[in-house]
Every structure is written in C-alpha cells, then in structure tokens.
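Here are a few exercises to work through with the model open on your screen. Try each one before you read the solution.

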Amino acid sequence: MYKHNLYHNWVKILIYIAVIVLLLDINGFNVQSQQHTQSNPLVLEILSADKLSGTAGDYVNVKAQIKNTSQQPITDVTTYLSLVDTQNKLPVDLEDWSAEKGLYIGTIEPDQILPLNWKIHFVKAGTYSLIVVAIRAGSEIPQVSGTISFHVNPKHNLNPGQVLPVALGMPIMLILIFSIVFYKRQTKMRF
Amino acid sequence: MVTYLWLKEIRAQVYTWKGTLWLVITSLLFSFTSYLLLTDKELSLLDQTELLWLLSKVIISVAFLIVAIDSSSIINSEFEKETAESLFLSPISIKDFVFGKLLASLTLWFAIFMVATPYIVVTSLGTHLALPFLGYVLFLGTVGISGTVILFFGVSFLYRSAKNTLTTSLIVLLAFSVPALFSSALKNNGLAQMFGRINPLENIFACLDNVLVDYRLSLSENWRYLWPLFIFCVAAFVFLIFSLNKFQKQGVVKSV
Amino acid sequence: MNTIISVKNLSKSYQQVKAVDRIDLTIEQGEFFGFVGPNGAGKTSTIRMLTGIIPPDQGEILMDGFTIDERKEIARIIGVVPESRGFYDWMTAFEYLQFFSTIYGIKKFLQPENIQWLLDQVGLLNRQAHKIGTYSRGMKQRLGLARALINNPRILFLDEPTLGLDPQGQEDIQNLLIEFNRKGVTIFLSSHLLPEVSDLCSRIAIIDKGKLIIQGSMDELRQKTNLKSTYYLKIKGDLKEIEDQDLGNQIIEIKRYSDIIEFLYEGDIKNVNSLIDRLRFKRIQILEFHSKSDNLTNIFLNLTSRQ
C-alpha cells in the first residue's frame, strides 16, 4: 500500500512537471512566434507563377502582393525582384531584363494587401528561379516570397528583318562592280 | 582645277585598289555587325533603337578610321613619290591642291555612307527612324570627318611624311575613342566631362543617342552636341592655315 | 633680242649653308642657255627658285615680265623637266599627259592629237596605253619631257633631261630640243654632260658653291679663262707630204694607224681653216674634223678647282 501510494505520488509529480514543461514550451513558442511575427510581419506572394514561362524577347508581368500581418502600420518598405539562372548557377543582372527597379511602399497598414508589379523582358533562354524580396527600415531580416521557377525558350531566326539579302548582297555587288571596272580598264590598256 | 584634282584622286582610289578594298571591307564589317545585331540571341533582344544607335556608332567609327588613314597619306604620297614638284610646276595653287584632296577624302566618306545606307534601312524597318538615322549620320559624319581630315592635312603639311602623319592620326583617333571605354564613374570625373565636351566623336555619339534612342529629332534639341563639332572644324582649319603658311615658306621641296 | 629671264641678286640658304649666293643672270628670248656646276653647286636650287618651287631668301626674278609672285602666269609659259622624277604609276602615259593637258587648260578636243604628237616626238607612241609603273627609267625621262612640252611653253627648264638615256635616246632628245629652240623656245639647260652643253648651248654659265663663276659663249669663256680651242682632225695620207710650216707648232697630240693619222690641233679657228686648205691643196684626204668639246670640261675643271 505504501508502495502504491509512493508510485501514485511520483506519477503525479511527473505529470505536474510535464505540464509545467509543456506550458513553458508553448509560451516559448508563442514568444518566438510573436517575435517572428513582430520582425517579419510582411508576407509576400507571387501571383503570376503559372504565367511566367515564355520565349526570349517576350515581355511578361510579374504580379505579386505584400500583406502586413502585424497590428501596426509598417513604414519604409522597399520591394525588389531577385533572379537566378538555375542552369548556370548564376544570379542574373536584372538591368538587362529591364526589371531592376525597386518598388517603394511608404506605409502599409495592418492587414492591408498591396499589389506589386514588374514588367520583365526575357532576354536569354534558360531556366530561372524568381523571388520577391522586401526590406524595411529598422529590421535586419528581409522578407522573401516563395521561389517560382520558370523556363524561357530560345528564339531562333536566321533572317530577322530581312537582313540576309543586304548582308550577303552588298559585298557581292561591290566586288562585282569593281571587277567590271577593272576589267574594262585592262581591256582599254590592252588596246 | 579643283575638279580635275578631285577626279584624279577618285580614279587613283579606284584603280590602285585602295578605295575599292576599303569599301569591300567596310561592307563586310557592316554585314557582320548588322547580322550579329539582328540575329544574336541576346543582342537581337535589345531595344531596336539601341540597336540602331550601336550600328550608327559602328558606321561612324569605321568611317573615321578609314578616312583618317586615307587622309594621312593622300597629301604625303605626293611628296614621297616626288609627284608634288610636277604638280606645283603647273598652274595649280595650294588652295586648289588642298580642296581637291579634301573633296577626295570626303568622297570616300560618302562612298562609305552609300554602302551603309542599305544596312541602315534594313535595321530601321518598323521604327520610322530610317530617315532621321540616315540624315543625322550623314550630317554628323560629314561635319566630324571634314574637321578630322582638315586636321590631318595640317599634320601632313607639317611632317611631309606619311608614316609620321599616320601615327599621329591614329593617336588622335585613339584619344577621341578612349572615353567610350570609361566606366560611368570615370565619365563623371570633371576632366573626363571637359574632354567629352570638346571630343568630336563623343559629341557625335551623344547626338545620335539623343536622336535614335530619346527620339529628339530637331536640330535645336541637338545643338549642344553640334556646336562643339563646328568649333572643332574651325580649330582644325586654323591649324591647317598655320601649317600651310609654314609649308609655303619652306617651298614644295623642303631641301635639296 | 628681248630679255626673257632676268635674275638679280638671287640667294638661298638652308640652315646657314648658302646654297645660292647673289646670282645675276640675264637670258635672252630664244637662247639656248647652259647652266653647269659640280654637285651641290646650287644648280637645282636656282632652277627651283626660278620655277617657283622654293621661295628665294632674297633677289628679284622676272620671267617674261612676270614676277615670281605671279606663279600661275609663270606656270603657263614655262615647261620644266625637274630633278625629281615622280609619276603616277597607275596612270598610262596618255592619261598622264591628258591630266596635265586639262590642268593647263588645253581644250578637250585638241588633247588627243596634241598628246599623240608629243608621245611620238619622245618615242613613246606605242607605249601610250601602258601603265607608267611598267616604264624604264629612260622612258619615264622621255615622258617627263613630253609633260614639260604639253603647254607649248615659251621657256623650257631642263634639269638633267638626258640622264639615264642611251646614246640614241640622248641624240633624239637633243634633236628635239634643237628643233624647239629653232621655233623660238628659250631653253635653260642644266646638265653634267658638258659635251652636250657645249654642243647645244649658245651661252653657258658656270656655278660653284652657290656663286656664279663665269658666263658667256664658249669663245667668251675661253677668252676669259685664256684657254685655247682644240680641234680634232683625222686625215688619210703621209705626214711627210705635210711640211712643218703647214702644221705649225700647234699640234698637241698625234696618233698614227696604218695610213690614218689623228692629231689634236690647238689654235685659232682661222688657223685651223688655213691648215685644212693647205692639206686639201696637198691632196690629203680629211676623214674627220670637229672641235674637241671637252674644252668646256677643261674650263669647268679649271674654274671649279677640281683639276
């Protein structure tokens, strides 16, 4: 009987300890969550993921949105694109793709969703990964969207703008003209 | 008199293969450049106006180089081949001589421009920029090349040596071209900006950029690039007068 | 006779070296004037100043009434075969002369006939359609002369015109010059070939170290330099037939070849004529007789201190 009581007591003690630990964990998680929510209150999402693939030379719109999930307005936010060539494992200079601009948001109210839009020019064929990044004043941690992959198909055109007739024709025509001129002069000199 | 000298030079350019070779090489260069610009996977995806600007730069640069080489020898060859004495024993004045040679050098430029015209037209298709492209390349090229030729003629009369004149001409051309290689930071440097204001080549390129890329077609909108070109021509002419005075004091044949 | 070229006090220096030093020359219209001197004497500099190629440092030049400042007018009345022999190698001879014809203002319809005639005169008619670059030196020389004559000049300046020509070519050119001189063209000839100068020229000037040493006809030069004339006589016969008094003591050299005797006779032309008469009287056959033109050579060497 004494042993049974002792066992019961130990179980109770263990249960109490477990509850306390559990409570502390949850609190800790909440704290972390709160902290995380407090440092990354912005949520970014790319909306036009399925419309991004195309052919070199195409212009496409990258549509995204930014949401303030915190209870306070957030000021001084800059959003921009970041693009990586996944085939060559290189970041891409967005100036070539005409998408180097940053979009500045002065204030985003709590729970407010704002649209983001970039016009991007597919310059080179390949496979790419795109993210949207947001940085705000007073925070060391940037917010990024999910990664979107897309493919740009190559553009082949052997005679764009009908340049071939001119590119080939002009030198041939000049050589022909000068050959005739020289031949005429040689004939004149012979007689 | 000027006409006869000019025609003699044209015939010399054709019959000695010099001019004909230049034109064929120029045509091949333009063919390569226009094909590259229009078919290369990356470059063909430039804005067409940027493409036109690139092509205009190639045309002007090639023309400057060829005419510089030609004008370095067109006068000196008369002294080195000893034909100058026979020429000046006839009723030809130094003015006739210089104008005849100048017309011949400019004719080479016009021939290069004629060769470039089909390339300009084909790359401008769809932009309505063909005429402004042609007009401005012709106008700027003529003014810039005239000034450059006059400058090199002045050098020719001073040196009377084709080798020395050519070396000086190429150094001058290099000096005109080097700023194009500067990074944006260097271009913003005060000295670089000052040089850029007087550099004829840079003013020509900037004017073409203004016309083809920014679509500013009127002369008044481009005046800030044009007046340095005119000043350059005037300065080159003054230098030529100085050289000619020295030449006339020394005589056609420098020493026995 | 009118003075066609008048030169007074002509001077030219190259970096403190006096190339031409106060030369005075007067040349009459229609004269065949010789201008000789050693290398570096200033002949070419003088010709270049007279033709307007280089400006003189000082002096006055009048060419048929035109001053040297009236270069275009002078260019129309003179023809020059200069020292420098540059040509446009890519041109044919016909094109070359046509180019200069046009510059001289000769009407287009007259040009072909004029050019063909000139090329015939200088012996290049059958090479007129060939590029000058294929010509020999002598042919280029002839072409230079043709170019100098293209404008039918009143005064012809020639700087070594027969240099590089074979003897036949030299003779052809000399005959052509004599013909032009007979037509009234004043000729100013500078040459190192002293026999050519003394044969052709009525008056000769000798220049050395930029200074004019002497000028005049051959006889005047001889008188001024006290040198006697030398004559060459080739006779067939026996000298025994000829007495000493016939020859006098003016024989300076005798050569005998079987029955031919050559001797050099120094004396007055009157005495030479008497000698010839005496020889003929003695029925001595005269095979050859001429003046020895290296007399000018002797004068030249004597005066320019190269002897």
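**Exercise 1. Strand 8 and its partners**

How many bridges join strand 4 (residues 74–85) of chain A to strand 8 (residues 126–136) of chain A, and do they run parallel or antiparallel?

Solution. Before you start counting, keep in mind that this is a predicted model.

- Step 1: Nine bridges join strand 4 of chain A to strand 8 of chain A, and the two run antiparallel. For a pair to look at, take A:Ser82, which stands opposite A:Ile131 in strand 8 of chain A.
- Step 2: Now follow strand 8 of chain A to strand 10 (residues 148–153) of chain A: they pair in the antiparallel sense over five bridges. Here A:Leu130 has A:Ile148 of strand 10 as its bridge partner.
- Step 3: Strand 8 of chain A also pairs with strand 9 (residues 143–144) of chain A, antiparallel again, over two bridges. You'll find A:Ala134 opposite A:Gln143 of strand 9.
- Step 4: Look at how the chain gets from strand 8 to strand 9 of chain A. They form a hairpin with six residues between them, and A:Gly138 in the turn has a positive phi of about 90 degrees.

**Exercise 2. An open sheet**

In what order do three strands of chain A form an open sheet? Which strands stand at the edges?

Solution.

- Step 1: The order is 1-3-7, with antiparallel pairing.
- Step 2: Strand 1 (42–46) and strand 7 (113–121) of chain A each have a single partner strand, so they stand at the edges and one side of each is left without a neighbour in the sheet.
- Step 3: On average, neighbouring strands of this sheet are turned by 25 degrees against each other, direction ignored.
- Step 4: Zoom in on strand 1 and strand 3 (residues 59–68) of chain A, which run antiparallel and are joined by five bridges. One of the pairs to click on is A:Val43 with its bridge partner A:Lys67 in strand 3.

**Exercise 3. Chain A as a whole**

How many helices and strands are there in chain A, and what pattern do they follow along the sequence?

Solution.

- Step 1: Chain A has two helices and 10 strands.
- Step 2: Reading along the sequence gives α-β-β-β-β-β-β-β-β-β-β-α.
- Step 3: Of the 191 residues of chain A, 17% count as buried.
- Step 4: Take the contacts in chain A with a separation of 6 or more: residues 24 or more positions apart account for 71% of them.

**Exercise 4. Where the chains meet**

How many residues does each chain bring to the contact between chain A and chain B, and to the one between chain B and chain C?

Solution.

- Step 1: For A and B, 22 residues of chain A are in contact with 22 residues of chain B. The chain A side divides into 15 nonpolar, four polar and three charged residues.
- Step 2: For B and C, the contact takes 23 residues from chain B and 26 residues from chain C.
- Step 3: On the chain B side of that contact, helix 1 (2–15) and helix 5 (84–89) are the elements that give two or more residues. This side divides into 11 nonpolar, seven polar and five charged residues.

**Exercise 5. Domains and core of chain C**

Which domains does the assignment give for chain C, and where does the largest nonpolar core lie relative to them?

Solution.

- Step 1: The assignment gives domain 1 (3–216) and domain 2 (224–303).
- Step 2: In chain C, 10 residues of domain 1 are in contact with eight residues of domain 2. Helix 7 of chain C supplies the largest share of the domain 1 side, five residues.
- Step 3: The largest nonpolar core has 79 residues, and C:Leu97, C:Phe157 and C:Ile187 are among those with the most contacts inside it. Helix 3 (residues 93–103) of chain C gives the largest share, seven residues.
- Step 4: Both domains of chain C give residues to this core, so it lies between them.

**Exercise 6. One residue in a loop**

Is C:Glu160 buried, exposed or partly exposed?

Solution.

- Step 1: Find C:Glu160 in the loop between strand 7 (155–159) and helix 6 (167–182) of chain C.
- Step 2: C:Glu160 has 18 other C-beta atoms within 10 Å, so it is partly exposed.
- Step 3: Leaving aside neighbours within four places in sequence, C:Glu160 is in contact with C:Glu83, C:Ser190, C:Ser191 and C:His192.

Note on methods: Residues are numbered from 1 along each chain as its sequence is written. Chains are lettered from A and ligands numbered from 1 in the order in which they are written. This is a predicted model: local features need pLDDT of at least 70, side-chain atom pairs count only at pLDDT 80 or more; totals for chains, interfaces and linings use all residues. Two residues are in contact if their C-beta atoms, placed from the backbone, lie within 7 Å. Helices (H or I, at least four residues) and strands (E, at least two) are DSSP runs, numbered from the N terminus. Ala, Val, Leu, Ile, Met, Phe, Trp, Tyr, Cys and Pro count as nonpolar, Asp, Glu, Lys and Arg as charged, and the others, Gly among them, as polar. Two strands pair if DSSP finds at least two bridges between them. Axes are lines fitted to C-alpha atoms, for helices over the stretch in contact, and angles run from 0 to 180 degrees between N-to-C directions. Domain bounds come from an automatic or database domain assignment. A nonpolar core is a set of buried Ala, Val, Leu, Ile, Met, Phe, Trp, Tyr and Cys residues joined through C-beta atoms within 7 Å. A residue is buried if 20 or more other C-beta atoms lie within 10 Å of its own, exposed if 12 or fewer, and partly exposed in between; C-beta atoms are placed from the backbone.
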